[in-house]
Amino acid sequence: MIVVTVAIVFLLTMALYNIALVLTYRAKRGPDPEPTALFSDADLPRVTVQLPVYNEGTLAEQCLRLAAALDYPGDKLEIQYLDDSDDETTSEIGKATVEKLREEYPDITFQYLRRGNRHGFKAGALLYGTERATGEYMAIFDADFIIPPDFLRKTIHFFTDPGVGAVQARWDYVNEGKSLFTRLQANKLDAHQMFEQTARARSGRPVIFHGTAGVWRASALAEAGGWDCMSEVEDVEITVRATLAGWRVVYLDNFRLLSELPETINGFLRQQMRWRRGWSRGTAHYSGLILRGDIPWRNKLDLLLRIHLTWGPIGALIMILSVLPYFSIAAKYGLSLPATLLYTSGLVISLVTRHFEQKTLIEDPNARAPIALHPLLKFLPLNYLLFSMGTLWPLTQATFEGFWQKPVWEVTPKSGTTANSPGHHALIKSRRLPGYVIGTLALGALGAGLALYSAWSGFFLAGIFYVMLAIGCGYIGIMLLRFFGYYLGFPPASAPPPGPKDQPPLPGRTT
C-alpha cells in the first residue's frame, strides 16, 4: 500500500506540474524574445558549425551543403564534419562533399574529422571537434535537420547578452503527415516543445538544450566542463552543468527547423528507450549536484522535477497494475472512499492535463491538421491514450536498464540513412521478437483481462485504467508485430524507401 500511495502521489505531483506549465504557456505564448542588442556586420563573431554524423548515408551531403549555404560571412564560418561512421558509404560521401565545397566556397574553412574510436558517442565527437574549433560559438545540427540560410542571423545576436550560454530553436517535421503514427509523434513532441520548453523559458526557469538546432557559446561549454558526458543524453548533461554554472538558454518557439520523425514503430521505440536510459543515468548522477548548486531554489526544484520525469512510466505502471488490489484491500479495511478519491483525482487530473495540452496544440497558428475523431470523442487525448499507455513496458524496462547497462548508441532510422549499417533498425527482417515487444503484448493482454474482471467484480474505476492500458498496449503491440513480420491478417507495413523524401529543395548560398 505504501509503494502504491507513493507512486500515485508522485504522478499527481507531476500532473499538477504539467498543468502549471500548460497554464504558463497559455498566459505567455506569443512572439519570441528579441536580442538585447545586435552585432554589427563588421563585429559578427566567428562561428563553428558542427555536424556529428553516424552512418547517415545520403543525408551527409545534404547537411554539409545546407551548412555551407548559411547567410553568414564566409571568412567567419568554419564547418566541421564529425564522422563517427562505421560504414564506408557515409564516410566516402562526406569526404567527397567536403572536397567539392572547399572549391565552391573557398572563403569557408572546412574540417573533415574522424576519430580512431567512438568513445563517448555523439558527445565524444563534439568534444573532439570543439578541441579543434576556432569559433567563439558552436552551432550544432544533426544530419536530418534542414538548416535555413538565416539560422545564424536569427540566433547569434542573442549572445550580445553576456548571460546567454546557448540559443535553441524549436523542431518541426517534414514527414509529420505521413501516417497516424507520425502525427501522434508530432503531437507528443510539440507538447514537449511548447509546455516543457517555451513555458519554462518564458517564466525564467531552466531550459534543456535539445542536442541539435542550437548554438553554444564556447566559453559556456568550457565553464560547464565541456562535452564530458556519461550517458546517451549529452544535451541534458551539458544543460544541467551550464545552468549550475550560471548560464541561461534562450528558447525560440516560433523559429522552427524541419527534421525527420522515425516512420517505424521500432525506430521510434529504440530512440525513446535510448533517451530513457540516458535520463536514468543523469537522474542518478546529477540530483545531488543540483541540490548543492549555487542557483535559486526555484530553479533547483524545477530542474529536479524535470529530470525526475524519467520515473513517470515506472510510477504509472505501479499505479495501474495495483489499482484492483488497492481497491480490494481498501474495501476490506473500510477505506474505499479514500482509495476512490486518490485514484479518481489521479485519473481526472491526468486526463484534464492532456485535454488542455491537446486544446492548446490545436490553437497553435502553426498547428497540424487535427486527428479526425467522432465529435463525441473529441475530448480524448489520443497521444496520451495510445503512446503514454502503450509504451509503459519499453520505457520502464529502459529506465531500469539505465542503471546497469553500458551506454549504447543506435542511430534513429531516417530516409537516406545507410540501411544496412550497424545500429540501423528500419529494415529488420528477423521475426525474433525483442523482450520489450513481448512485454508490451503481455501487458496489453493482462490489461484486457483485468478490465473484464474489474467490471465483473464491480470495481468500474479500476476497469477504466485497465481498458486504457489494453488499448494503448494493443495499438503499440500490433504495430510492433507488423514491423517484425507478423501481419495478423493486416497488410504488411512496408519500410520507407531509401533516399530523401518530403523535403524542401536545398537553398542556395546568399552572396
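These exercises work through salt bridges in a predicted model. Local features need pLDDT of at least 70 and side-chain atom pairs pLDDT 80 or more, while totals for chains, interfaces and linings use all residues. Residues are numbered from 1 along each chain as its sequence is written, and side-chain values use heavy atoms, without hydrogens and water.

**Exercise 1.** State how many salt bridges a search of the whole structure finds.

Solution. Start with the criterion: a side-chain nitrogen of Lys or Arg within 4 Å of a carboxyl oxygen of Asp or Glu. The search returns 21 salt bridges.

**Exercise 2.** Find the salt-bridge partner of Asp71 and place both residues.

Solution. The partner is Arg153, with the closest N and O atoms 3.9 Å apart. Asp71 sits in the loop between helix 2 (59–68) and strand 2 (77–83), and Arg153 in helix 5 (residues 151–155), so the pair ties together parts 82 residues apart in sequence. Helices (H or I, at least four residues) and strands (E, at least two) are DSSP runs, numbered from the N terminus. Now check accessibility. Buried means under 20% relative accessible area, exposed over 50%, partly exposed in between (1.4 Å probe, protein chains only). Asp71 is partly exposed at 24%. Arg153 is partly exposed at 27%.

**Exercise 3.** Classify each side of the Asp142 and Lys122 salt bridge as buried, partly exposed or exposed.

Solution. The N to O distance is 2.9 Å. Asp142 lies in the loop between strand 4 (137–140) and helix 5, Lys122 in helix 4 (residues 121–130), 20 residues apart. Asp142 has 22% relative accessible area, hence partly exposed. Lys122 has 11% and is buried.

**Exercise 4.** Name the network that contains Arg256 and Asp253.

Solution. Arg256 and Asp253 form a salt bridge at 3.9 Å, N to O. Both are buried. Shared partners join Arg170, Asp190, Asp253 and Arg256 into one network.
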